[in-house]
Amino acid sequence: MEAEPFLALHTVREIARAPSLIYESHGIPHERFLIMISGMGLSAVATSIEHLINNFSPTRIINCGVAGSLSNAFSVGDIFQISAVAEVGRSLDLAAINFLHAPEHLALPLAGRIDDAHLVSLESPVFDVARRTQLGKIAELVDMEGAAIARVCSRHGRPCAMLKVVSDHADDRDTLLRNLTHTSRRLADFISYYLEPLLQPDSYYEAKHPRSA
């Protein structure tokens, strides 16, 4: 459901189905780019990204999707690029959480164009006031995929950028589902508008992480 608005804006062709759906597109004057429907959950996403890197060797990965806001200052529909991301276990031991930061681990291709935010990723949704309050001490957004994607990309030396649109305030599943269509459409329009700079190499990251051809 999150990907449908973006797919509708571009000419795509399905090229793989397992472990995740992958499409290719030539909708801009660049070389082709791939669109992967990663699925939900940290372990499932890690498997999908490993498969993508090992079988298609992408030069950079951009993780796009919805996220819950841990900050009441953010509104549904706000879009952010992620400057730091961390995986959080069930224990919520905040002292043990290690963030991957930009520019060491994350690329920021739209620096200065939109605001940054910190993201935490969990294996299951929050929807709990006490957990939301705890997580809000270290991050502004929460999802179920980002940290696993960043971790795999870092291990493979692939630039990884993240764009997240606020779909809810991490306290109610019905609100998330009600907002999913229009927030995904807003993010699809945003990504399509900025597709050229998003697909350009990030010179700072590439300089710090040189890779042979």
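Is Arg-151 buried, partly exposed or exposed? In this predicted model, Arg-151 comes out partly exposed, with a relative accessible area of 34%. Its salt-bridge partner is a good place to go next.

**Salt bridges**

The structure has 6 salt bridges. Here are three of them, with the N to O distance for each pair.

| Acidic residue | Basic residue | N to O distance |
|---|---|---|
| Glu-24 | Arg-32 | 2.7 Å |
| Glu-50 | Arg-155 | 2.0 Å |
| Glu-87 | Arg-151 | 3.2 Å |

Take the Glu-50 pair: Glu-50 sits in helix α2 and Arg-155 in helix α4, so this link joins distant parts of the chain, 105 residues apart. The Arg-151 pair also reaches across the sequence. Glu-87 belongs to strand β5 and Arg-151 to helix α4, so their bridge ties together parts 64 residues apart. Glu-87 is partly exposed, at 38% relative accessible area.

Now for Glu-24. It is buried, with a relative accessible area of 9%, whereas its partner Arg-32 is partly exposed at 38%. Arg-13 joins in as well: Arg-13, Glu-24 and Arg-32 form a network of salt bridges.

**The small sheet**

That network leads to an open sheet of 3 strands, in the order β1-β2-β3 and with antiparallel pairing. Why do β1 and β3 each have one side without a neighbour in the sheet? Both β1 (12-16) and β3 (33-37) stand at the edges with a single partner strand, so one side of each stays unpaired there. From one strand to the next, the twist averages 35°.

Strand β2 covers residues 21-25 and is joined to β1 by 4 bridges, the two running antiparallel. Within that pairing, Arg-13 stands opposite Glu-24 in β2. Helix α2 packs on the sheet and touches β1, β2 and β3, with its direction making about 155° with that of β3.

**The nonpolar cores**

The largest nonpolar core holds 29 residues, and Ile-49, Ile-82, Val-85, Leu-141 and Met-162 have the most contacts inside it. Elements giving two or more residues to this core include the helices α2 (42-56) and α4 (146-156), along with strands such as β5 (79-87) and β9 (160-168).

What does Ile-49 touch, leaving aside residues up to four places away in sequence? The list is Met-36, Ile-61, Ile-149, Val-152 and Cys-153.

There is also a second, separate core of 19 residues, with Phe-33, Ala-188, Ile-191 and Leu-198 among them.

Notes
Residues numbered from 1 in each chain as written. Predicted model: local features only at pLDDT ≥ 70, side-chain atom pairs only at ≥ 80, totals over all residues. Heavy atoms only, no water. Core = buried A, V, L, I, M, F, W, Y, C linked by side-chain atoms within 4.5 Å. Buried < 20%, exposed > 50% of the residue type's maximum accessible area, 1.4 Å probe, protein only. Contact = heavy atoms within 4.5 Å. Pairing = 2+ DSSP bridges. Axes fitted to C-alpha atoms, helices over the stretch in contact; angles between N-to-C directions. Salt bridge = Lys/Arg side-chain N within 4 Å of Asp/Glu carboxyl O.
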